[in-house]
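Trainee: Could you walk me through the ligand sites and the empty spaces here? I would like to take them one at a time.

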Amino acid sequence: MKKINLPTHIGIILDGNGRWAIKHSLPRLAGHEEGARAIKRMLIASKKFGIKAVSVFAFSTENWKRPKEEVDGIFKILEKQIDENFQDFINGGFKLQISGNLNALETPLKTKIEKLLKESENNTKLIFNVCLNYGGRAEIVDACNKIIKSKVKNVDEKTFESFLQSSNLPPLDFVIRTSGEQRISNFMLWQIAYAELYFPNFFWPQFNEKKLVKCLKEYSKRSRRFGGLTQEKK
Ligand code: IPE
Ligand code: IPE
Ligand code: MG
């Protein structure tokens with residue numbers, strides 16, 4: 001790929017697992033399984049292109065409304081992914097980070113996530129921030145409650161941000177939502193403020209390196225002004 005402007009931090013609202021499965025006459029959980037494999041393809045390709053951080057929306061605080069069988073199945077798939085890819089993840093230089101509340105998860109899964117968090121904490125190639133049992137509004141309200149309990153008396157944007165779970169990450173440059181739906185569904189509301197948004201039509205399980213290139217080409221065409229004026233092209 002010739003040199004193009006790349007985002008530092010990409011957000012992905014991975015959507016369309018269920019519709020992909022239905023299209024292939026498979027149960028919805030088969031869509032989530034292929035979706036998990038697509039996450040692996042995405043991570044490998046993102047690292048290859050030098051992306052420094054990717055936040056994915058894996059399970060929202062609203063997703064508990066789904067049938068128990070599907071919810072349990074999603075967490076089983078997650079656990080299997082960790083079991084199968086634990087060492088490759090660490091050896092690949094990926095650092096895991098979690099946004100959201102892990103306390104609602106069953107202990108074995110929580111323990112595995114915590115182990116991977118710990119063992120990957122010094123990795124620097126790519127930060128993989130998984131939004132799990134996550135809601136953007138809940139994250140903002142949690143930050144407010146932490147501030148109330150802290151010694152901080154005055155809050156500006158920078159201070160506020162430091163109380164968010166992903167305060168170590170740069171703002172989102174680029175948000176991709178697959179499956180053609182054009183909404184944010186409570187994903188990283190604070191961090192999204194100036195992100196470029198992209199809503200490709202393909203379903204998440206179809207994601208691969210080629211699709212990432214397509215997304216990055218789209219990003220490189222955007223003119224980011226942040227309220228200012230376009231830079232003259234030299
Ligand atoms: C995204 O795929 C995965 C999760 C929300 C966990 P969906 O399961 O939402 O797929 P669709 O929208 O039903 O196709
Ligand atoms: C958003 O997808 C949440 C995740 C990707 C985890 P949904 O499929 O749950 O969103 P809605 O309900 O269509 O907005
Ligand atoms: Mg969906």
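Trainee: How far is an oxygen atom of ligand 2 from an N or O atom in the side chain of R66?
Mentor: Happy to start there, keeping in mind that this is a predicted model. R66 belongs to the residues that surround ligand 2, as do N63 and R177. From an N or O atom in the R66 side chain to an oxygen atom of ligand 2, the separation is 3.2 Å.

Trainee: Which side chain has an N or O atom 2.9 Å from an oxygen atom of ligand 2?
Mentor: Two arginines can be set aside, since R66 has its side-chain atom at 3.2 Å from a ligand 2 oxygen, and a polar side-chain atom of R177 lies 3.2 Å from one. The 2.9 Å contact belongs to the side chain of N63.

Trainee: How much of the accessible area of ligand 2 does the protein cover?
Mentor: Start from the contact between ligand 2 and the N63 side chain, at 2.9 Å. On its own, ligand 2 has 390 Å² of accessible area, and the share of it covered by the protein is 77%.

Trainee: Which strand gives the most to the shell around ligand 2?
Mentor: Look at the residues around this ligand: among them are F57, A58, F59 and S60. By class, the shell holds 5 nonpolar, 3 polar and 4 charged residues. With 4 residues, the top contributor is the strand spanning 53–60, β2.

Trainee: Turning to ligand 1, which side chain has an N or O atom 2.7 Å from one of its oxygen atoms?
Mentor: The shell of ligand 1 includes N17, G18, N63 and R66. N17 uses a backbone N or O atom, 3.1 Å from a ligand 1 oxygen, and G18 also uses a backbone one, at 3.0 Å. The side chain with the 2.7 Å contact is that of R66.

Trainee: What share of the area that ligand 1 exposes alone does the protein bury?
Mentor: Keep that R66 contact of 2.7 Å in view. Ligand 1 taken alone exposes 380 Å², and the part buried by the protein is 88%.

Trainee: Which element supplies the largest share of the shell around ligand 1?
Mentor: Two helices each supply at least two residues, α1 (17–23) and α2 (28–48). The shell divides into 3 nonpolar, 5 polar and 4 charged residues. The largest share is 3 residues, and it comes from α1.

Trainee: Where does ligand 1 sit, and what is the volume of that space?
Mentor: The space taken by ligand 1 is the largest pocket. Ligand 2 takes space in the largest pocket too. The volume of this pocket is about 1000 Å³.

Trainee: Which residues lining the largest pocket are the closest to its centre?
Mentor: Elements that each give at least two residues to the lining include α2, β2 and α3 (68–91). The lining divides into 23 nonpolar, 11 polar and 9 charged residues. With about 1000 Å³ of space in the pocket, the closest to its centre, out of 43 lining residues, are L14, A36, I39, A58 and L78.

Trainee: What about closed space: how much lies in the largest cavity?
Mentor: The structure holds 1 cavity of 30 Å³ or more. Its lining includes E161, P170, P171 and W190, and divides into 5 nonpolar, 3 polar and 1 charged. The space in this cavity comes to about 70 Å³.

Conventions: Residues numbered from 1 in each chain as written. Chains lettered and ligands numbered in written order. Predicted model: local features only at pLDDT ≥ 70, side-chain atom pairs only at ≥ 80, totals over all residues. Heavy atoms only, no water. Near = heavy atom within 4 Å. Polar contact = N/O pair within 3.5 Å; in protein donor to acceptor, adjacent residues only side chain to side chain. Areas by Shrake-Rupley, 256 points an atom, 1.4 Å probe, with all protein chains shown as cover. 1 Å grid on protein atoms, 1.4 Å probe; cavity = no way out; pocket = protein on both sides within 12 Å on 5 of 7 lines; lining within 4 Å. Sits in = over half its atoms within 2 Å of the grid points. Nonpolar A, V, L, I, M, F, W, Y, C, P; charged D, E, K, R; others polar. Points joined across faces, edges and corners; volume = space filled by probe spheres on them.
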